[in-house]
Amino acid sequence: MKKLFLLITASTLITLFSGCLTFHKVSYVVKLKNPDEGTVLLTAYDIRSTAATGKELNEDKDNLFNYMLRSSKFLRDQKAQGKEVISRKLFIEKGQLVGQGEYKFTDINNVEGMKYDGGFHYLNLQPDDSVIATNGTVVKSNGYKRIMWDSTYTELDFTMLGNPFTHSSRFKSLAPFFKQSKKK
């Protein structure tokens, strides 16, 4: 992924995917206990693989279904990044594989680099990052885009475009593999 924000997002949800897994969009619901701590519900929609070989596809499936979904190492890795995972799951929605994780944080900076300053929460993005939806205010300026929420917000929501899949034949849906693993 070329965009800085998407690199950060991918590291949160899909830590070891080596750029072979991608998703259509990702949404965050940040519920604040106070300005610096709370919980995050992260949802990645339509998870796919960019694998060119069977070996790469198997690695992607292993990373997704075994590491991220089931392993205690994933929990330890996320905790080292300031994220205490509460729950994680994969499910099929409208024929697409969706990944969802929830975690606690005690430092807002651990939530994709969000900041709290002067009574505002904000997230800086690259100018070409696509904000699909937010309950905050998007401010554009030279060199960056920013989503801002004032201190009256206790829930910060935003959804970003990951990959539009314009050349969808290059991407392999992982939904059929999830179904197969559920039957075993």
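User: Two strands pair if DSSP finds at least two bridges between them. With that in hand, how many bridges join strand 10 to strand 11?
Analyst: Keep in mind that this is a predicted model. Strand 10 covers residues 137-141 and strand 11 covers residues 144-150, and they run antiparallel. At least two bridges are needed for a pair, and the number joining these strands is 5.

User: Which residue of strand 11 stands opposite valine 138?
Analyst: Strand 10 and strand 11 are antiparallel partners. Across from valine 138, in strand 11, stands isoleucine 147.

User: And the turn of that hairpin: what is phi of glycine 143?
Analyst: Strand 10 and strand 11 make a hairpin that leaves 2 residues between them. Glycine 143 sits in the turn with a positive phi, and its value is about 90°.

User: Zooming out, how many helices and strands does the protein have?
Analyst: The chain holds 184 residues, with 42% of them buried. Among contacts with a separation of 6 or more, 60% come from residues 24 or more positions apart. As for the elements, the protein has 4 helices and 13 strands.

User: Take the open sheet of 6 strands: which are its edge strands?
Analyst: The order in this open sheet is 5-6-3-2-12-9, with antiparallel pairing. An edge strand pairs on one side only, and here that picks out strand 5 (84-93) and strand 9 (131-134).

User: What does the twist of that sheet average from one strand to the next?
Analyst: The sheet is open, with 6 strands in antiparallel pairing. Going from one strand to the next, the twist averages 15°.

User: What residue in strand 12 does alanine 133 stand opposite?
Analyst: Strand 9 pairs with strand 12 (residues 155-161) over 3 bridges, in the antiparallel sense. Facing alanine 133 from strand 12 is threonine 159.

User: What angle does the direction of helix 2 make with that of strand 5?
Analyst: Helix 2 packs on the sheet, where it touches strand 5 and strand 6 (96-105). Relative to the direction of strand 5, the direction of helix 2 makes about 145°.

User: How do helix 2 and helix 3 cross: what word describes helix 2 relative to helix 3?
Analyst: The axes of helix 2 (residues 54-70) and helix 3 come within 5 Å, crossing at roughly 60°. Roughly parallel needs an angle under 35 degrees and roughly perpendicular starts at 65. The crossing therefore makes helix 2, relative to helix 3, oblique.

User: How do the residues of the contact of helix 2 with helix 3 divide?
Analyst: On the helix 2 side there are Tyr67, Met68 and Arg70. Helix 3 brings Ser72, Lys73, Phe74 and Asp77. By class, the residues of the contact divide into 3 nonpolar, 1 polar and 3 charged.

User: Which aspartate meets lysine 73 in a salt bridge?
Analyst: The partner lies in helix 3 (residues 72-80) as lysine 73 does, 4 residues apart, about one turn of the helix. The salt bridge spans 3.1 Å, N to O. Lysine 73 is partly exposed at 41% relative accessibility, and the partner is also partly exposed, at 22%. That partner is aspartate 77.

User: A search of the whole structure finds 2 salt bridges; in the one with arginine 48, how far apart are the closest N and O atoms?
Analyst: Arginine 48 forms its salt bridge with aspartate 46. Both residues are buried. The closest N and O atoms are separated by 2.8 Å.

User: Lysine 94 has a positive phi; is it buried or exposed?
Analyst: Most residues other than glycine have a negative phi. Lysine 94, with phi near 55°, sits in the loop between strand 5 and strand 6. Exposed means over 50% relative accessible area, so at 80% lysine 94 counts as exposed.

User: Is glutamate 112 buried or exposed?
Analyst: Glutamate 112 has a positive phi of about 55° without being a glycine. Its place is in the loop between strand 6 and strand 7 (115-117). Buried means under 20% relative accessible area, so at 5% glutamate 112 counts as buried.

User: How far apart are the C-alpha atoms of valine 40 and valine 111?
Analyst: Valine 40 lies in strand 3 (residues 37-45) and is buried, with a relative accessible area of 0%. Beyond its neighbours within four places in sequence, its contacts include Tyr28, Gly101, Phe105 and Val111. Valine 40 and valine 111 are 71 residues apart along the chain, yet their C-alpha atoms are separated by 7.9 Å.

Definitions and conventions. Residues numbered from 1 in each chain as written. Predicted model: local features only at pLDDT ≥ 70, side-chain atom pairs only at ≥ 80, totals over all residues. Heavy atoms only, no water. Salt bridge = Lys/Arg side-chain N within 4 Å of Asp/Glu carboxyl O. Buried < 20%, exposed > 50% of the residue type's maximum accessible area, 1.4 Å probe, protein only. Axes fitted to C-alpha atoms, helices over the stretch in contact; angles between N-to-C directions. Parallel < 35°, antiparallel > 145°, perpendicular 65-115°, else oblique. Contact = heavy atoms within 4.5 Å. Nonpolar A, V, L, I, M, F, W, Y, C, P; charged D, E, K, R; others polar.
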